[in-house]
Amino acid sequence: MSPRRSYDQYCAAARALDAVGDRWTLLVVRELLVGPRRYTDLHADLPGVSTDVLASRLKDMEQQGLATRRRLPPPAAAYVYELTERGRALLPVLEALAGWGAHGLAERGPTDAVRAHWFALPLLRRLAGAGLEGVVEVRLDEGRFHVRLGGAGSYGDGPAPEQPDARLALDAGTCVALCRGELSVGQGVREGRIEVSGGSVLAKALRAS
């Protein structure tokens, strides 16, 4: 395996790219922001990455102090990878990239893979920008994910682990419109494109947005 390359520049941006600038690294971070993941789960949700490259990126992330590998207790007895505090600090970086790149979601290519939780980053940024707090569970045809608004914010794959403050049901195209700032949740409700369930303050605020 060839040694890691460095820009050899005494610059904060260059140092950051030395750590996470390799192809696939930030997408591995995106997956681990969901929570601890097994290697097989990571490989399944990173279509196109080879097993060698994924293993190399995970090893590099461990060496950089971005991720750790640990064994789950029985009966699972499986190894999982998870982000360290330094790795989790990349959330706002991924949010900013997702917000900047949301314009690229205008059209879905015929070979584009999709996972429901990939919409979590730009949606988290969009909803958090409205100053809302609470847990929102989102249901798309492609699956479910949840976002936690307020504080540092977070997201996860699948249903929320606790009772969410609001549930959104919509299609991927409408979710893209939300992420791109072309539609508010309230507008989507009024147009019949989004269903919001829940009686919390958050649910009411989303309907009125």
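**View 1. Five strands of this predicted model line up as an open sheet.** Reading across, the order is β5-β4-β3-β6-β7, and the pairing is mixed. The edge positions go to β5 (154-157) and β7 (195-197); each has a single partner strand, so one side of each is left without a neighbour in the sheet. Going from strand to neighbouring strand, the average turn is 20 degrees, direction ignored.

**View 2. Here we look at β3 (residues 134-140) and its pairing with β4 (residues 143-149).** These two run in the antiparallel sense, held in register by seven bridges. To find your place along the pair, start with Gly-134: its bridge partner in β4 is Leu-149.

**View 3. Glu-137 sits in strand β3.** Is Glu-137 buried or exposed? Its relative accessibility comes out at 4%, below the 20% cut-off, so Glu-137 counts as buried. The Glu-137 side chain makes a polar contact of 3.5 Å with the side chain of Arg-167. Arg-167 has company: setting aside neighbours within four places in sequence, Glu-137 also touches Arg-144, Phe-145 and His-146, then Pro-159 and Ala-160, and finally Pro-164, Ala-166 and Leu-168.

**View 4. Helix α2 (residues 25-32) is mostly tucked away.** Six of its eight residues are buried, so the rest of the structure largely encloses this helix. Which residues of α2 are the buried ones? They are Thr-25, Val-28, Val-29, Arg-30, Glu-31 and Leu-32, so the list takes in charged residues as well as nonpolar ones.

**View 5. Helix α2 crosses helix α4 (residues 51-63).** Two packed helices are described by the angle between their axes and the distance between the axes. In this pair, the axes come within 10 Å and cross at roughly 75 degrees, and α2 and α4 are therefore roughly perpendicular to each other. From α2, the residues in the contact are Thr-25, Val-28, Val-29 and Leu-32; from α4, they are Leu-54, Arg-57, Leu-58 and Met-61. Sorted by class, that contact has six nonpolar residues, one polar and one charged. As for the spacing of such residues, an α-helix has 3.6 residues a turn, so residues three or four places apart point the same way.

**View 6. Strands β1 (residues 67-71) and β2 make an antiparallel pair.** Five bridges link the two, and Arg-70 stands opposite Val-80 of β2. Strand β2 (residues 79-83) has four of its five residues buried, so it is largely enclosed by the rest of the structure.

Technical notes: Residues are numbered from 1 along each chain as its sequence is written. This is a predicted model: local features need pLDDT of at least 70, side-chain atom pairs count only at pLDDT 80 or more; totals for chains, interfaces and linings use all residues. Side-chain values use heavy atoms; hydrogens and water are left out. Buried means under 20% relative accessible area, exposed over 50%, partly exposed in between (1.4 Å probe, protein chains only). Two strands pair if DSSP finds at least two bridges between them. Axes are lines fitted to C-alpha atoms, for helices over the stretch in contact, and angles run from 0 to 180 degrees between N-to-C directions. Angles under 35 degrees count as roughly parallel, over 145 as roughly antiparallel, 65 to 115 as roughly perpendicular and the rest as oblique. Contact means heavy atoms within 4.5 Å. A polar contact is a pair of N or O atoms within 3.5 Å; within protein, one must be able to donate a hydrogen and the other to accept it, and residues adjacent in sequence count only if both atoms are side-chain atoms.
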